[in-house]
Every structure is written in structure tokens, then in C-alpha cells.
Amino acid sequence: MQTPAQQIIAQLLVDALNLEGVKANEIEPDAPLFGGGLGLDSIDALEIALAISQKFGVQMQADDEQTRKAFATLATLTEFVETHKK
């Protein structure tokens with residue numbers, strides 16, 4: 001079950017990546033975003049980081065360990081955005 005904040009980030013993922021056949025409410029909070037799970041790749045990570053920056057003003061640095069950990073799951077990504085948004 002997604003929290004309200006996770007629902008917002010999940011919808012952002014679906015919209016930013018044009019995920020056909022994926023509904024935001026079907027993204028499991030603890031499922032991996034890369035590899036298994038949604039099967040996203042590094043290009044998708046750039047698109048997500050850009051969308052998060054535009055919507056929330058949160059900068060995600062590719063060489064930052066915190067950023068890499070944030071992209072693990074919907075739950076970790078949401079927590080990162082909530083912690084860093086302006």
C-alpha cells in the first residue's frame with residue numbers, strides 16, 4: 001500500500017518515463033526500480049532526476065552515494081525527495 005507521498009512519486013515516474021501499461025498505484029513501494037521490478041535503466045534515472053528537480057526543486061547528483069541509494073525503490077526515492085525538497 002502506497003502512502004500519499006509515494007502515490008505522487010509513482011505518478012511522476014509513470015508520467016516522466018511514459019510507462020505504458022503501468023499504473024502508478026500498482027508500483028510496489030519496496031520493489032526494485034532497476035533490474036527487476038520496473039526494469040528501469042540509467043537513462044530512466046536521468047529522466048527521473050530531471051522530473052524530480054523540476055517538480056520539487058531537489059537536485060540529485062549522479063556521483064552521490066545517497067542518490068544511488070535513493071533509486072533503490074519507490075519508498076527510498078520518496079523518502080529522499082521528502083527529506084530534500086524545498
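Okay, let's start with Arg68, which pairs up with Glu65 in a salt bridge, and the closest N and O atoms there are 3.2 Å apart. Keep in mind as we go that this is a predicted model. Both partners, Arg68 and Glu65, belong to helix α3, and they are three residues apart, about one turn of the helix. As general background, side chains with opposite charge can pair when their charged atoms come close.

So, how accessible are the two partners? Arg68 is partly exposed, because its relative accessibility is 46% and that sits between the 20% and 50% cut-offs. Glu65 lands in that class too, as partly exposed, at 40%.

How many salt bridges does a search of the whole structure find? Two. We've had the Arg68 one, and there is also one between Glu82 and Lys85, with the closest N and O atoms 3.3 Å apart. Glu82 counts as partly exposed at 40% relative accessibility, and Lys85 counts as partly exposed at 38%.

Now back to Arg68, since it also shows up in the lining of the largest pocket. That pocket holds about 170 Å³ of space. Along with Arg68, the lining is made of Ser42, Ala45, Leu46, Ala49, Met60, Gln61, Ala62, Thr67 and Phe71. Two elements give two or more residues each to this lining: α2, running over 42-56, and α3, running over 65-70. Which element gives the most? That's α2, with four residues. If you sort the lining by type, you get six nonpolar residues, three polar and one charged.

Two of those lining residues, Ala45 and Phe71, lead us to Phe34. Leaving out residues up to four places away in sequence, Phe34 touches Leu40, Asp41, Ala45 and Phe71. Phe34 itself sits in the loop between α1 and α2. Is Phe34 buried or exposed? Neither, really: Phe34 is partly exposed, because its relative accessible area is 24%, and buried would need a value under 20%. One more distance while we're here: from Phe34 to Ile48 is 14 residues in sequence, and 12 Å in space, going C-alpha to C-alpha.

Stay in that loop between α1 and α2 for a second, and have a look at Asn18. Asn18 has a positive phi of about 50 degrees, even though it is not a glycine. Why point that out? Because most residues other than glycine have a negative phi. Asn18 counts as exposed, with a relative accessibility of 61%, so it clears the 50% cut-off.

Last stop is helix α1, residues 4-17, where we find Gln6. Gln6 is buried, because its relative accessible area is 10%, which is under the 20% limit. What does the Gln6 side chain reach? The backbone nitrogen of Thr3, at 3.0 Å. And if you set aside neighbours within four places in sequence, Gln6 is in contact with Met1, Pro29, Leu74, Ala75 and Thr78.

To wrap up, here are three things to find on the screen. Look for the Arg68 and Glu65 salt bridge in α3. Then find the largest pocket, with α2 giving the most residues to its lining. And finish on Gln6, buried in this predicted model at 10% relative accessible area.

How values were computed: Residues numbered from 1 in each chain as written. Predicted model: local features only at pLDDT ≥ 70, side-chain atom pairs only at ≥ 80, totals over all residues. Heavy atoms only, no water. 1 Å grid on protein atoms, 1.4 Å probe; cavity = no way out; pocket = protein on both sides within 12 Å on 5 of 7 lines; lining within 4 Å. Points joined across faces, edges and corners; volume = space filled by probe spheres on them. Nonpolar A, V, L, I, M, F, W, Y, C, P; charged D, E, K, R; others polar. Buried < 20%, exposed > 50% of the residue type's maximum accessible area, 1.4 Å probe, protein only. Polar contact = N/O pair within 3.5 Å; in protein donor to acceptor, adjacent residues only side chain to side chain. Contact = heavy atoms within 4.5 Å. Salt bridge = Lys/Arg side-chain N within 4 Å of Asp/Glu carboxyl O.
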